[in-house]
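Colleague: I would like a close look at a single part of this protein. Please take me through it step by step, then show me some of the surroundings.

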Amino acid sequence: MKSNQNAKNGLPRGWIECSIGQITLSVSKIDPKEDPDREIIYIDIASIDNNRQVIGKVTQYQLKHAPSRARQIVRSGDVLFATVRPYLRNIASVSKDYDQQIASTGFSVLRPAEGICPTFLFYKVISRDFVNALAGIQYGVSYPAVKDEQVRDQLLWLPPLPEQRRIVAKIEELFSELDKGIESLKAAQARLNVYRQAVLKYAFEGMLTTQWREENKDKLETPEQLLARIKQEREARYERQLQAWKAAVKEWEEGGRSGKKPPRPKRPTEAVPITGVLSENLPPIPACWEWLNLKHIGRVETGTTPSTKYPEYYGGKLPFFKPTDLDQGAHVRTARDYLSQSGEECARVLPAGSTLVTCIGATIGKTGFAVTRCATNQQINSISPYAGFNQRFVYLQMVAPFLNERVRSDASATTLPILNKSKFCELPFVFCSLPEQHELVRLVEERFVAIERSEREIDVSLQKARSLRQSILKKAFSGQLVPQDPDDEPASVLLDRIKAEKTARSQ
């Protein structure tokens, strides 16, 4: 073999420019009326795994019951290119398992002619340049698509058949090496997630701050002292609420008793530690720690949605969170909806530092930390910690394995799992002295910073791997991946032969 030598027109030696249509054959269609009872495997656009570019879940039908789009008879080696939303890359090669089965008319079925390596064609079609070219000419807004003839009009540089095979072999060699690297990166991602959960587990079983307790025995409180402090802080808070209520009542009376009388605040229930049978299934904790129910840790609320019949309730500055907004996790500050001043009056406004927990549906247990004042809809329970509790200590414990799992396991066993406010209030919550809470949060978040740094590095490496895959394809289809062999039959001869064969078929 000799190295690349480009001709004057820019094509590598022995290559020729042509369209996809010139190197592919027409595809037969089936008439359901001719064989209505035939059992078929139907390949729809939804059948394509567009991450791995393979055919995934298919459906079996009798032809008479198949969707009206089930018409195209496919063969092993065909390339399926979804003409709807081409940027989604719903592309796959037909394996032997689906030979002579039926594909949707939503595909452009590219059947390589004799002398065209099917895998070469597949790699060309999944290349970024090919997909982007079609995405750039798609038509329609709500249902953007391209036509089959537009797919077949796309140009490519065609090498001789032996070089097609050498290119495929080299691509697969390089892709195999890339896949091994990607597999290692994803395994590292999984290990980091396991480590994150282990950090939280050890933290809230008291193991992460063992050394700190040894070095700070003078700062430790007994369980009795912890409970006494909580009681004192809650009573002080109640007294402030009571004074504010008295002032509100006086204002209401002086105003002619117009409207509803302000409701009197409820005296807090006594914080009783969880002991005996109720504590048997709880994780072990240090002697100076204690278990309480969540309702003793802070104000628990279930959100509510101001009526959408009144547009004036929305469009303000107060974030109104829904479960989908909690994807940001640790620091939730932006929402899809915002409430106006009048909307705030119909909502349950939460202070910054509240922990938000989805307590209904498939996303139950999804948790976020509110960085700003906010409100939530009725699918979210929240806890706004009392003084004496580090806000991040509360959030981190809610995402720790034990308590996050309890949110799901304590939900009512229905088709739509729900953990209502009363059950949420009864969740077990472990606490320790405030100085130890601060130290625990510091140690956990110190480790989380290192984890997140590693995750970002892995994400960058994965992105580089994806870019490298496309770089390999770009070199492959411009003649730069493998050298040309002057002894190969020129692709122009191959193209003439394909043209003659297609002409003979049509006669």
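By class, how many nonpolar, polar and charged residues are in the lining of the largest pocket?

Modeller: A caution before the count: this is a predicted model. The lining of the largest pocket has nine nonpolar residues, five polar ones and eight charged ones. That makes up a lining of 22 residues. The volume of this pocket is about 810 Å³.

Start at the centre. N51, R52, Q53, R466 and R469 are the lining residues that lie nearest to it. Then look at the elements around the pocket. Those that give two or more residues to the lining are α1 (118-125), α4 (161-203) and α11 (434-476). Of the contributors, α4 gives the most, with six residues.

Stay with α4 for a moment. Helix α4 also holds R166. Is R166 buried or exposed? R166 counts as buried, because its relative accessibility is 18% and the cut-off for buried is under 20%. The side chain of R166 has a backbone partner: it reaches the oxygen of P483 at 3.5 Å.

Now to a second buried residue, in a strand. T302 is found in β14, which covers residues 298-302. T302 has a relative accessible area of 19% and is therefore buried. What does the side chain of T302 join in a polar contact of 2.6 Å? The partner is the side chain of N381. N381 also appears among the residues that T302 touches. The others are R348, Q378, I380 and K421, leaving aside residues up to four places away in sequence.

Last, a sheet. Strands of a sheet pair through backbone hydrogen bonds, in either a parallel or an antiparallel sense. Here four strands form an open sheet, and the pairing is antiparallel. Read across, the order is β2-β11-β8-β9. The edges are β2 (24-25) and β9 (91-93), each of which pairs on one side only. Take the β9 edge. Its partner β8 spans residues 79-82, and the two strands pair over three bridges. Within this pairing, F81 stands opposite I91 of β9.

To retrace the route, begin with α4, the element that gives the most to the pocket lining. Next find R166 in that helix, and follow its side chain to the backbone oxygen of P483. Then go to T302 and its polar contact with N381. Finish at F81 and I91, which stand opposite each other.

Key:
Residues are numbered from 1 along each chain as its sequence is written. This is a predicted model: local features need pLDDT of at least 70, side-chain atom pairs count only at pLDDT 80 or more; totals for chains, interfaces and linings use all residues. Side-chain values use heavy atoms; hydrogens and water are left out. Two strands pair if DSSP finds at least two bridges between them. On a 1 Å grid over the protein atoms alone, a cavity is a set of points where a 1.4 Å probe fits but cannot get out, and a pocket is an open set with protein on both sides within 12 Å along at least five of seven lines; lining residues have an atom within 4 Å of a point. Grid points are joined across faces, edges and corners, and a volume is the space filled by probe spheres set on the points. Ala, Val, Leu, Ile, Met, Phe, Trp, Tyr, Cys and Pro count as nonpolar, Asp, Glu, Lys and Arg as charged, and the others, Gly among them, as polar. Buried means under 20% relative accessible area, exposed over 50%, partly exposed in between (1.4 Å probe, protein chains only). A polar contact is a pair of N or O atoms within 3.5 Å; within protein, one must be able to donate a hydrogen and the other to accept it, and residues adjacent in sequence count only if both atoms are side-chain atoms. Contact means heavy atoms within 4.5 Å.
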